[in-house]
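Dear colleague,

Please find the structure below, with the sequence alongside. My notes on it follow, beginning with how the helices are arranged.

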Amino acid sequence: MSVHDDLTTVQRCLDDLSRSVGRLEQQLGSGGLEMRRVRTDADHLRESVALLREAASGPTAPKKPQLVTIPDTPYDDSLWIDTDDEGLGARDRHAP
(Lines give C-alpha, C1' and ligand atoms only; values in the text may rest on other atoms or scores of the structure.)
Protein backbone atom coordinates (compact mmCIF):
# COMPACT_ATOMS: atom_id res chain seq x y z
CA MET A 1 0.00 0.00 0.00
CA SER A 2 1.24 3.48 -0.80
CA VAL A 3 1.28 6.40 1.61
CA HIS A 4 -1.60 7.98 -0.30
CA ASP A 5 -3.70 4.84 0.14
CA ASP A 6 -2.88 4.67 3.84
CA LEU A 7 -3.82 8.32 4.34
CA THR A 8 -7.09 7.76 2.48
CA THR A 9 -7.87 4.79 4.73
CA VAL A 10 -7.11 6.84 7.84
CA GLN A 11 -9.31 9.66 6.53
CA ARG A 12 -12.21 7.23 6.03
CA CYS A 13 -11.77 5.93 9.58
CA LEU A 14 -11.74 9.49 10.91
CA ASP A 15 -14.95 10.23 9.01
CA ASP A 16 -16.53 7.17 10.67
CA LEU A 17 -15.22 8.33 14.05
CA SER A 18 -16.67 11.80 13.51
CA ARG A 19 -20.09 10.36 12.66
CA SER A 20 -19.98 8.11 15.73
CA VAL A 21 -19.00 10.99 17.98
CA GLY A 22 -21.87 13.02 16.51
CA ARG A 23 -24.33 10.24 17.38
CA LEU A 24 -22.91 10.03 20.90
CA GLU A 25 -23.34 13.78 21.29
CA GLN A 26 -26.99 13.47 20.34
CA GLN A 27 -27.54 10.71 22.89
CA LEU A 28 -25.40 12.02 25.76
CA GLY A 29 -25.43 15.75 25.10
CA SER A 30 -22.44 17.88 24.22
CA GLY A 31 -22.17 19.81 27.48
CA GLY A 32 -20.07 17.35 29.48
CA LEU A 33 -16.33 17.66 29.77
CA GLU A 34 -15.76 14.10 28.56
CA MET A 35 -17.79 14.62 25.39
CA ARG A 36 -16.02 17.90 24.64
CA ARG A 37 -12.65 16.18 25.08
CA VAL A 38 -13.62 13.37 22.70
CA ARG A 39 -14.81 15.91 20.10
CA THR A 40 -11.63 17.96 20.50
CA ASP A 41 -9.41 14.90 20.21
CA ALA A 42 -11.22 13.76 17.07
CA ASP A 43 -10.79 17.24 15.56
CA HIS A 44 -7.08 17.23 16.42
CA LEU A 45 -6.68 13.88 14.71
CA ARG A 46 -8.38 15.26 11.62
CA GLU A 47 -6.02 18.27 11.58
CA SER A 48 -2.98 16.05 12.08
CA VAL A 49 -3.92 13.80 9.18
CA ALA A 50 -4.43 16.88 7.00
CA LEU A 51 -0.91 18.02 7.89
CA LEU A 52 0.45 14.56 7.09
CA ARG A 53 -1.33 14.57 3.75
CA GLU A 54 0.14 18.00 2.96
CA ALA A 55 3.64 16.87 3.95
CA ALA A 56 3.35 13.68 1.89
CA SER A 57 2.24 15.53 -1.22
CA GLY A 58 4.92 18.22 -0.98
CA PRO A 59 8.43 18.04 -2.39
CA THR A 60 10.70 15.53 -0.70
CA ALA A 61 13.83 17.67 -0.93
CA PRO A 62 14.18 20.12 1.96
CA LYS A 63 14.21 23.78 1.05
CA LYS A 64 17.55 25.49 1.32
CA PRO A 65 17.53 28.49 3.63
CA GLN A 66 17.91 31.83 1.93
CA LEU A 67 21.39 33.22 2.55
CA VAL A 68 21.78 36.75 3.82
CA THR A 69 24.92 38.62 2.87
CA ILE A 70 26.48 40.58 5.73
CA PRO A 71 28.68 43.42 4.50
CA ASP A 72 32.26 43.79 5.74
CA THR A 73 31.93 47.54 6.14
CA PRO A 74 31.76 48.77 9.75
CA TYR A 75 28.43 49.67 11.28
CA ASP A 76 27.38 53.29 11.55
CA ASP A 77 28.54 54.63 14.96
CA SER A 78 25.22 56.44 15.43
CA LEU A 79 23.63 53.03 16.06
CA TRP A 80 25.48 52.77 19.39
CA ILE A 81 24.60 56.18 20.86
CA ASP A 82 22.98 55.89 24.33
CA THR A 83 23.74 52.18 24.66
CA ASP A 84 25.29 50.34 27.58
CA ASP A 85 28.29 48.05 27.27
CA GLU A 86 27.24 44.65 28.48
CA GLY A 87 28.62 44.09 31.96
CA LEU A 88 30.16 47.56 32.12
CA GLY A 89 27.14 49.84 32.22
CA ALA A 90 26.85 53.22 30.56
CA ARG A 91 29.96 54.91 29.18
CA ASP A 92 29.73 58.05 31.33
CA ARG A 93 29.01 56.24 34.64
CA HIS A 94 31.00 53.94 36.88
CA ALA A 95 30.18 50.28 37.12
CA PRO A 96 28.49 49.27 40.40
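H1 and H2 are roughly antiparallel to each other, a term used here for angles over 145 degrees (under 35 counts as roughly parallel, 65 to 115 as roughly perpendicular and the rest as oblique). Their axes cross at roughly 165 degrees and come within 10 Å; axes are lines fitted to C-alpha atoms, for helices over the stretch in contact, and angles run from 0 to 180 degrees between N-to-C directions. The crossing of H1 past H2 is left-handed, meaning that the near helix is turned anticlockwise from the far one by less than a right angle, whereas clockwise would make it right-handed.

Please note that this is a predicted model, in which local features need pLDDT of at least 70 and side-chain atom pairs count only at pLDDT 80 or more, while totals for chains, interfaces and linings use all residues. Residues are numbered from 1 along each chain as its sequence is written, and side-chain values use heavy atoms, with hydrogens and water left out.

The chain as a whole contains two helices and zero strands; these are DSSP runs numbered from the N terminus (helices H or I, at least four residues; strands E, at least two). Of its 96 residues, 8% count as buried, that is, under 20% relative accessible area, with exposed set at over 50% and partly exposed in between (1.4 Å probe, protein chains only). The accessible surface of the chain is about 8800 Å², and carbon and sulfur atoms hold 57% of that area; the areas come from the Shrake-Rupley method with a 1.4 Å probe. Among contacts with a separation of 6 or more, 51% are between residues 24 or more positions apart, a contact being heavy atoms within 4.5 Å.

Which residues illustrate the packing between the helices? Leucine 14 is found in helix H1 and is buried, at a relative accessible area of 8%. Beyond its neighbours within four places in sequence, leucine 14 is in contact with Leu45, Arg46 and Val49. The C-alpha atoms of leucine 14 and leucine 45 are 7.7 Å apart, although 31 residues separate the two in sequence. Alanine 42, in helix H2, is also buried, with a relative accessible area of 8%. Its C-alpha atom is 7.5 Å from that of leucine 14, at a sequence separation of 28 residues.

The search of the whole structure finds three salt bridges, each a side-chain nitrogen of Lys or Arg within 4 Å of a carboxyl oxygen of Asp or Glu. Aspartate 15 pairs with arginine 46, with closest N and O atoms 3.1 Å apart. This pair links distant parts of the chain, as aspartate 15 is in helix H1 (residues 3-28) and arginine 46 in helix H2 (residues 33-57), 31 residues apart. Aspartate 15 is partly exposed at 26% relative accessible area, and arginine 46 is partly exposed at 28%.

A further salt bridge joins arginine 39 and glutamate 25 (3.0 Å, N to O). Arginine 39 lies in helix H2 and glutamate 25 in helix H1, so this pair ties together parts that are 14 residues apart in sequence.

The salt bridge between aspartate 16 and arginine 19 (2.2 Å, N to O) lies within helix H1, its partners being three residues apart, about one turn of the helix. Aspartate 16 is partly exposed at 40% relative accessible area, and arginine 19 is partly exposed at 47%.

With kind regards
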